[in-house]
Amino acid sequence: MAVVYCEGQLGKSDGKTANGLVRSSERYDLRAVIDSTHAGEDAGFVLDGKVNGVPVYASLSEALTSTGVQFDYMICGLAPADGMLSHDERTAFLEGIAAGLHLVSGLHEFLNDDPEFIAAGQAANVTITDIRRPKPTHELKMFSGDIQTVTCPRIAVLGTDGSIGKRTTATLLVQALRAQGVNAVLVGTGQTALMQGSPYGVALDAILPQFCSGEVEAQIVAAFHSEAPDVIVIEGQGALSHPAYLSSATILRGSIPDAVIVQHAPHRAVRDDFPMCAVPTVASEIALIEAFSPTRVIGVTINHEGMSDREVGATIVNYERDLGLPTTDPLTRPAAKLASIVLQAFPVLTRSTTSRAG
């Protein structure tokens, strides 16, 4: 059982790891979130207006005494751009270790290399897991061309910015396709997907650039040969147009996707954590992706931050008219609409499920 620390960031972009775990977690049994700014609320309701039974507490001590749950893990739900802990965050995690909780972190700052955390973990006889720590260099894979052995459709969920909902959309897309009888498999490319329990994935932004496309390729190939899926969905990172991130480029190179879905936040004016950079239009990102890679964009998904439901509806209508692409909001519109983006683009998937049913 786990408690997620996300002080001041639940529902915000720097709390995306906590947000993802609240919405879906196959690896950890999430029972509480720590964020004093939402203490007393339900985490699911904070995120999506839907109660999911995960309470929010002001502190770890309050969570430990109020839930009646014997926690095993304390998870860092924070995902700041620099991937480092503040003084207060260090104090909070050391408190968790002292309480006997195993610590799980997806930061760039590896806590297993920190003498204070090492000593605290040894004293409390608990483990510290750095999800983003890459394999030794000699175990990393370069691009091999084995992606050509993957014969099912590969669909990448990319976006116009970082922290815009690509992983959430990819996760919901896999769930929606499975509900339609399609054997869909997710390949994660960030620390949150790995924390959620994705058996195939890599924390791409911690890998030496020389090996990024090869590591993406290797995970997709492994998923294909192990799961025999009808379709593979690849989580995107950053944005191809983003000046601070290279991940989208290596995802496109390593996966050579048959299709791409683009996630966009219509009311986001500047890049998350990079206010000096404007968010591009969804049309310009589509053009860039299709120029950069031999693929096609088959749909658009909306991040509705700052939008009313009426604005979301109008935007869907406008995008479908102006871009000529099916568009939906994965969190507020029916899951079947999300699945239909893929099923319309790849009718063979519908025929294969019909054949199995018969």
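The accessible surface of the protein comes to about 14900 Å², and carbon and sulfur atoms hold 53% of that area. The model is a predicted one. Of its 358 residues, 54% count as buried.

**Overall build**

The secondary structure comprises 13 helices and 14 strands. The radius of gyration is 20 Å, close to the 21 Å from the globule rule for 358 residues, so the protein is as compact as a globular protein of that length. The C-alpha trace spans about 55 × 50 × 50 Å along the principal axes. Contacts with a separation of 6 or more were also sorted by sequence distance: 72% of them join residues 24 or more positions apart.

**The sheet β3-β2-β1-β4-β5-β6**

Six strands form an open sheet in the order β3-β2-β1-β4-β5-β6, and the pairing is parallel. Which strands stand at the edges? They are β3 (56–57) and β6 (128–130). Each has a single partner strand, so one side of each is left without a neighbour in the sheet.

Helix α1 (residues 16–23) packs on this sheet. It touches β1 (2–5), β2 (30–34) and β4 (73–76), and its direction makes about 150 degrees with that of β2. Helix α4 (residues 87–98) lies across β1, β4, β5 and β6. Its direction runs at about 165 degrees to β4.

At the β6 edge, β5 (residues 102–105) and β6 pair in the parallel sense over three bridges. Valine 104 has threonine 129 of β6 as its bridge partner.

The loop between α5 (115–124) and β6 holds threonine 127. Is threonine 127 buried or partly exposed? Its relative accessibility is 43%, so threonine 127 counts as partly exposed. Burial would require a value under 20%. Beyond its neighbours within four places in sequence, threonine 127 is in contact with His102 and Leu103. Isoleucine 97 is 30 residues from threonine 127 in sequence, and the two C-alpha atoms are 8.8 Å apart.

**The sheet β8-β9-β7-β10-β13-β14**

Another open sheet of six strands follows the order β8-β9-β7-β10-β13-β14, again with parallel pairing. Its edge strands are β8 and β14 (327–328), and each pairs on one side only.

Strand β7 (residues 154–159) is mostly covered, with six of its six residues buried. Both faces are covered. Arg154, Ala156 and Leu158 lie on one side, while Ile155, Val157 and Gly159 lie on the other.

β7 pairs in the parallel sense with β9 (residues 231–235) over four bridges. It also pairs in the parallel sense with β10 (residues 259–264), over five bridges. The table gives bridge partners of β7 residues.

| β7 residue | Bridge partner | Partner strand (residues) | Bridges between the strands |
|---|---|---|---|
| Arginine 154 | Isoleucine 232 | β9 (231–235) | four bridges |
| Isoleucine 155 | Valine 233 | β9 (231–235) | four bridges |
| Glycine 159 | Glutamine 263 | β10 (259–264) | five bridges |

**Helices on this sheet**

Helix α8 packs on the sheet, touching β7, β8 and β9. The direction of α8 makes about 155 degrees with that of β8. Helix α11 (residues 309–323) lies across β10, β13 (297–302) and β14. Helix α11 runs at about 165 degrees to β13.

How many Å should the 19 residues of α8 (residues 209–227) span? At 1.5 Å a residue the expected span is 27 Å, and the end C-alpha atoms are 28 Å apart, which agrees.

Buried residues of α8 include Phe211, Cys212, Val216, Gln219, Ile220, Ala223 and Phe224. Ser213, Gly214, Glu215, Glu217 and Val221 are buried as well. An α-helix has 3.6 residues a turn, so residues three or four places apart point the same way. What covers the buried residues of α8? The cover includes β7, β8 (184–187), β9 and α9 (247–255). Just after α8, alanine 228 takes a positive phi of about 45 degrees.

Methods: Residues numbered from 1 in each chain as written. Predicted model: local features only at pLDDT ≥ 70, side-chain atom pairs only at ≥ 80, totals over all residues. Heavy atoms only, no water. Pairing = 2+ DSSP bridges. Helix = DSSP H or I, 4+ residues; strand = E, 2+ residues; numbered from the N terminus. Contact = heavy atoms within 4.5 Å. Axes fitted to C-alpha atoms, helices over the stretch in contact; angles between N-to-C directions. Rg over C-alpha atoms; globule rule 2.2 N^0.38 Å. Buried < 20%, exposed > 50% of the residue type's maximum accessible area, 1.4 Å probe, protein only. Areas by Shrake-Rupley, 256 points an atom, 1.4 Å probe, with all protein chains shown as cover. Expected span 1.5 Å × (residues − 1).
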